[in-house]
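Reader: I have a sequence and a model on the screen. Please take me through what can be read from the coordinates.

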Amino acid sequence: MGSWIIAGLGNPGSQYEGTRHNVGFWLLDQLARELGVNFTVQNRYHGELVQCSLDGHKVFLLKPLTFMNRSGQSVALLANFFKIPLENILVIHDELDLSPGTVKLKRDGGHGGHNGLRDIIAQTGGKQFLRCRLGIGHPGHSKLVSDYVLSKPSPTDRQQIEQAIDNVLRILPEVLSGNMDKAMNWLHSQ
């Protein structure tokens, strides 16, 4: 059982709290509450970090404080220092192409236009990490995307996203144990 990094992507600062782009932070905050652990700012890794145990696995929960477009800097520093392979990194991020409340797990692949993923790929030199794509919906036109992801979802959308986060937290032990197919089948049946 090797160590894991679970990186939730978002932007630091109170003006971004509760925005669609920060659903990765939402998930890690919920997980930390459930585990009874607290994040501390770790300047060495340019992020908020807590080390904990999850179902027998040593896990680093990481919220990069570098802003979304530079998320890879934080992830790469932590992975390199603790010698954590890409296969043991799970990145939680918002996904425009999925409706609110929809979750998809994926291993490997490109960045799909997501700047946080683009930077993680560039900084780590690989694509073999796991992705947990939390649906936030799409505003309908590409010119509206920037304002959309940096705004707060409607109460209905927020409720659906929070339910998706609860579902992800239920299957995390399966993911860390290598049972991706089982985790995906359960998630996709919800």
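**Helix H5 and what surrounds it**

Author: The buried residues of H5 are Asp-157, Ile-161, Ala-164, Ile-165, Asn-167, Val-168, Leu-169, Ile-171, Leu-172, Val-175 and Leu-176. The model is a predicted one.

Reader: How far apart are the end C-alpha atoms of H5, and what span should its 22 residues have?

Author: H5 has 22 residues, and at 1.5 Å a residue they should span 32 Å. The value from the model agrees with that expectation, the end C-alpha atoms being apart by 31 Å.

Reader: At which residue does H5 bend?

Author: The bend amounts to about 40°. A proline, Pro-173, follows within four residues of the place. The residue at the bend is Arg-170.

Reader: Which residue with a positive phi follows H5?

Author: Its phi is near 90°. The residue is Gly-178.

Reader: How many residues are in the largest nonpolar core, and how many of them does H5 give?

Author: In soluble globular proteins, nonpolar side chains tend to be buried together. The largest nonpolar core here has 38 residues, and Ile-6, Leu-61, Leu-105 and Leu-134 have the most contacts inside it. Helix H5 (residues 155–176) gives the most to this core, and its share is nine residues.

Reader: Which residues of H5 are in contact with Leu-105?

Author: Leaving aside neighbours within four places in sequence, Leu-105 is in contact with Arg-131, Cys-132, Met-180, Ala-183, Met-184, Leu-187 and His-188, among others. Its contacts also include residues that are among the buried ones of H5, namely Ile-171 and Val-175.

Reader: How many residues does the second, separate core have?

Author: Leu-9, Val-75, Ile-120 and Ile-121 are included in this second core. Its size is 19 residues.

Reader: How many disulfides are there, and why is Cys-52 in none?

Author: A disulfide is a covalent bond between the sulfur atoms of two cysteines. The closest cysteine sulfur to that of Cys-52 is in Cys-132, and at 16 Å it is too far for a bond. Cys-132 is likewise in no disulfide, with the sulfur of Cys-52 as its nearest. The count of disulfides comes to zero.

Reader: Is Cys-132 buried or exposed?

Author: Under 20% relative accessible area a residue counts as buried. Cys-132 has a relative accessibility of 0%, and therefore it counts as buried.

Reader: Where is Thr-19, and is it buried or exposed?

Author: Thr-19 has its place in the loop between strand S1 (4–8) and helix H1 (23–35). Beyond its neighbours within four places in sequence, Thr-19 is in contact with Trp-26, Val-149, Leu-150, Ser-151 and Lys-152. With a relative accessible area of 1%, Thr-19 is buried.

Reader: How many salt bridges are there, and which residues are linked in a network?

Author: The count of salt bridges comes to six. Lys-63, in strand S4 (residues 57–64), takes part in the network and counts as buried at 6% relative accessibility. Beyond its neighbours within four places, the contacts of Lys-63 include Gly-8, Phe-25, Leu-28 and Phe-39. The residues linked in the network are Asp-29, Glu-48 and Lys-63.

Reader: With which residue does Asp-119 form a salt bridge?

Author: The closest N and O atoms of the pair are 3.1 Å apart. Asp-119 lies in helix H3 (residues 115–124) and its partner in the loop between S4 and helix H2 (71–82), 49 residues apart. Asp-119 counts as buried at 9% relative accessibility, whereas the partner, at 37%, counts as partly exposed. That partner is Arg-70.

Reader: Which residue forms a salt bridge with Glu-95?

Author: The pair links distant parts of the chain, with Glu-95 in strand S5 (residues 89–95) and the partner in strand S7 (residues 130–135). Glu-95 counts as buried, at 11% relative accessibility. The closest N and O atoms are 3.1 Å apart, and the partner is Arg-133.

Reader: What separates Arg-158 and Glu-162 in helix H5?

Author: The two form a salt bridge whose closest N and O atoms are 2.8 Å apart. Arg-158 is partly exposed at 31%, and Glu-162 is partly exposed at 35%. Because they are four residues apart in the helix, the separation is about one helical turn.

Conventions
Residues numbered from 1 in each chain as written. Predicted model: local features only at pLDDT ≥ 70, side-chain atom pairs only at ≥ 80, totals over all residues. Heavy atoms only, no water. Disulfide = S-S within 2.5 Å. Buried < 20%, exposed > 50% of the residue type's maximum accessible area, 1.4 Å probe, protein only. Helix = DSSP H or I, 4+ residues; strand = E, 2+ residues; numbered from the N terminus. Contact = heavy atoms within 4.5 Å. Core = buried A, V, L, I, M, F, W, Y, C linked by side-chain atoms within 4.5 Å. Expected span 1.5 Å × (residues − 1). Bend = angle between axes of the 7 residues up to and from the residue. Salt bridge = Lys/Arg side-chain N within 4 Å of Asp/Glu carboxyl O.
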